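Let's take a walk through this model together, starting from a single residue and working outward. Please keep the sequence and the 3D view open as you read.

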Amino acid sequence: MIQPIYLYGSEVLRNIAPAADLSKKEEIATLVADLWETLAKSEGCGLAAPQIGVSLRVCVVDGDVMADVYPYLKGFKRTFINPVTVEESEEQCEYNEGCLSVPGVYADVRRPAVIKVEYYDENLEKKTETFDKFACRMIQHEFSHLDGVLFTDLVAPIRRKIIAKKLLNISRGRVGTAYKSKIK
């Protein structure tokens, strides 16, 4: 079911999400389906459970929406349940990020260029994968949501000052979105 996306200023976006109970297979399957449906409707490239008001360590990424810019992302889709970053490169890279929970705001963010992740997929099978390039970026952005961190927290201080008014307006509900959204 398509869920509303919680916007900047919503408390759930600032909480550290607890691990999903893997014994609750039906609950997890429903959450994952809701994430995929909501993501497809919003035309984003990633969505974390806290963004739909569920404080659990679950997120999805879909590279297809970025495949026109990054052709190697064609067909790249992942579901991450209880992910853990086990390694990250010292090398960093910078990309311009945006977020469905922070509509209309974009900023350059530095993050590790390569990460190695352990997680459970949608079938609750344990996986270990290494990611680089923009796939790595999408994944790290969603993992940050699981820790109560928004990309706006990671931008340079001067940029933070520049976007402060936009963030205040979003938190006060003075923003329009093409998808169902809410602040709570």
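**A threonine under cover**

T152 counts as buried because its relative accessibility is 2%, and the cut-off for that class is under 20%. Please bear in mind from here on that this is a predicted model. To find T152, go to the loop that sits between α2 (133-146) and α3 (157-171). What is T152 in contact with, once its neighbours within four places in sequence are left aside? The list holds Y8, V102, V105, R160, I163 and L167. Three of these names can be placed on α3, whose range is 157-171: R160, I163 and L167 are the contacts of T152 to look for there.

With that residue in view, let's turn to a strand. β3 covers residues 58-62, and 5 of its 5 residues are buried. Which residues lie on each side of this strand? V58, V60 and D62 are on one side, while C59 and V61 are on the other, and both faces are covered. You may like to pause at D62, which is among the buried residues of β3.

Next, look at what β3 pairs with. Strand β2 (residues 46-48) joins it in the antiparallel sense, over 3 bridges. Within that pairing, A48 has C59 of β3 as its bridge partner. Strand β4 (residues 77-88) also pairs with β3 in the antiparallel sense, here over 5 bridges. There, V60 finds its bridge partner in T79 of β4. So β3 has pairings with both β2 and β4, and its two faces are covered as well.

Now step back to the whole protein chain. Its secondary structure amounts to 3 helices and 9 strands. Read from the N terminus, the order of elements is β-α-β-β-β-β-β-β-β-α-α-β. Among contacts with a separation of 6 or more, 66% are between residues 24 or more positions apart.

How does the overall size fit a compact globule? For 184 residues, such a globule would have a radius of gyration near 16 Å, and the protein chain agrees because its own value is 16 Å. Along the principal axes, the C-alpha atoms fill a box of roughly 45 × 35 × 30 Å. Of the 184 residues, 46% count as buried.

Finally, consider the outside. The protein chain exposes about 9400 Å², with carbon and sulfur atoms supplying 50% of that area. As for charge, there are 25 positive and 26 negative charges, and their mean positions lie 8 Å apart.

Notes. Residues are numbered from 1 along each chain as its sequence is written. This is a predicted model: local features need pLDDT of at least 70, side-chain atom pairs count only at pLDDT 80 or more; totals for chains, interfaces and linings use all residues. Side-chain values use heavy atoms; hydrogens and water are left out. Helices (H or I, at least four residues) and strands (E, at least two) are DSSP runs, numbered from the N terminus. The radius of gyration is taken over C-alpha atoms; the globule rule is 2.2 Å times the number of residues to the power 0.38. Buried means under 20% relative accessible area, exposed over 50%, partly exposed in between (1.4 Å probe, protein chains only). Contact means heavy atoms within 4.5 Å. Accessible areas come from the Shrake-Rupley method with a 1.4 Å probe; for residues, only the protein chains shown count as cover. Lys and Arg count as positive and Asp and Glu as negative; His and the chain ends are not counted. The place of a charge is taken as NZ of Lys, CZ of Arg, CG of Asp or CD of Glu. Two strands pair if DSSP finds at least two bridges between them.
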